[in-house]
Amino acid sequence: MRVRYFGHTDVGLKRSHNEDAFLADPELGLFVVCDGVGGRARGEIASREAVDFIWEWFKREEPTLNELRTEPQTPESVGKLCQLMRGAIQNATYMVHSLGELNPDQRGMSTTASAFYVAGSLGIVGQVGDSRVYLSRDDRVSQLTEDHTLVNYQLKHGLITPEEAKRSRIRNVITRAVGHKDYVEVDTLPIPLFARDRVLLCSDGLHGYLNDKALGRIMAKDVQEAVLESIRFANEQGGSDNITSLLVEFVD
């Protein structure tokens, strides 16, 4: 399956610097968005290092990945791909945490990580934090990831309503992050891929403003225009955070 893709990141209208980072390596089949946490320059370092460590892990495992890509899809091979995704993000977690422990100025830095790996006609999602991955298929858009936030926990357990969640003062507090500790639980999800599927990875600076109507309108555009329009949209809504949008389209 060939891919078309485009990614862009923007500082937004309220922040002085950009703590988001993203990576697109179509030859390797890896796409990543990270949103740094920690303030000052620490978030920038955490997100950039996490992207690099995830890429290095997949690059090192490329011979194994190439074998798994060509094998028939079985529960065992899919499980191995999910394990490789967990290993990549867990390795980034350990390394970012270690960097913070070694440098007092970086202590406490961390980042979200949303990753997507393309293995032939199968996609593997990896998730920590509150960046998101969406799938657009047959004009329907669905969210593939779960936000690791206090507000989402409250929603899942019926403690607050969706309307209260939108107004919550703790809506940006995440419960899992890459680098905050030396270990994190990583969500993975395998999904079949079909021609004309589109996958959007984005930071909360974008999805915090999205509703179903806006998301559907943006995803219907050409790949590059969709990404640029998504960033314009977030800035028009206030641009209160850094904005990163990375869209991948699968071509038959």
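A residue counts as buried when its relative accessible area is under 20%, and with that cut-off in mind the tour of this predicted model can begin at a residue that meets it.

Select Val227 first, which lies in helix H8, residues 223–236. At 0% relative accessibility, Val227 counts as buried, because the cut-off for that word is under 20%. If you now show what surrounds Val227, leaving aside its neighbours within four places in sequence, you will find it in contact with Phe6, Gly7, His8, Ser245 and Leu247. One of these, Leu247, is 20 residues from Val227 along the chain, and the C-alpha atoms of the two are separated by 6.6 Å.

Keep H8 in view and add helix H7, residues 212–219, which packs with H8 at an angle of about 150°, the axes being 8 Å apart. That angle makes H7 roughly antiparallel to H8. To see where the two helices meet, select Ala214, Arg217 and Ile218 in H7 together with Ala226, Glu229, Ser230 and Phe233 in H8. Coloured by character, the residues of this contact divide into four nonpolar, one polar and two charged.

Next, move to the loop between strand S8 (140–143) and helix H4 (150–156), where Thr149 has its place. Is Thr149 buried or exposed? With a relative accessible area of 7%, Thr149 is buried, and, not counting residues up to four places away in sequence, it touches Asp130, Arg171, Val173, Ile174 and Thr175.

Step from there to Leu150, whose place is in helix H4. Leu150 has a relative accessibility of 34% and therefore counts as partly exposed. Again without residues up to four places away in sequence, the contacts of Leu150 are Ile170, Val173 and Thr175. For a distance to draw in the viewer, take Leu150 and Lys166, which are 16 residues apart in sequence and 12 Å apart in space, C-alpha to C-alpha.

Now turn to the largest nonpolar core, which has 34 residues, and of these Ile54, Phe58, Ile89 and Tyr117 touch the most other members. The elements to select for it, each giving two or more residues, are strands S2 (20–25), S3 (30–37), S5 (113–119) and S6 (122–128), along with helices H1 (42–60), H2 (62–70) and H3 (75–102). Which element gives the most to this core? It is H3, with nine residues.

Within this core, centre the view on Phe58, which, leaving aside its neighbours within four places in sequence, is in contact with Leu28, Leu30, Leu65, Leu84, Met85, Ala88 and Tyr117. A second core, separate from this one, consists of 17 residues and includes Leu206, Ile218, Met219 and Ile243.

For the last stop, show H2 and H3 by themselves and look along their axes, which are 10 Å apart, with the helices packing at an angle of about 150°. H2 and H3 are therefore roughly antiparallel to each other, and H2 passes H3 in a left-handed crossing. The residues to display here are Thr64, Leu65 and Leu68 in H2, which meet Ser77, Lys80, Leu81 and Leu84 in H3. By character, the residues of this contact divide into four nonpolar, two polar and one charged. Leu65 and Leu84 may already be familiar, since both are among the contacts of Phe58.

Definitions and conventions
Residues numbered from 1 in each chain as written. Predicted model: local features only at pLDDT ≥ 70, side-chain atom pairs only at ≥ 80, totals over all residues. Heavy atoms only, no water. Core = buried A, V, L, I, M, F, W, Y, C linked by side-chain atoms within 4.5 Å. Buried < 20%, exposed > 50% of the residue type's maximum accessible area, 1.4 Å probe, protein only. Helix = DSSP H or I, 4+ residues; strand = E, 2+ residues; numbered from the N terminus. Contact = heavy atoms within 4.5 Å. Axes fitted to C-alpha atoms, helices over the stretch in contact; angles between N-to-C directions. Parallel < 35°, antiparallel > 145°, perpendicular 65-115°, else oblique. Left-handed = near helix turned anticlockwise from the far one by under 90°. Nonpolar A, V, L, I, M, F, W, Y, C, P; charged D, E, K, R; others polar.
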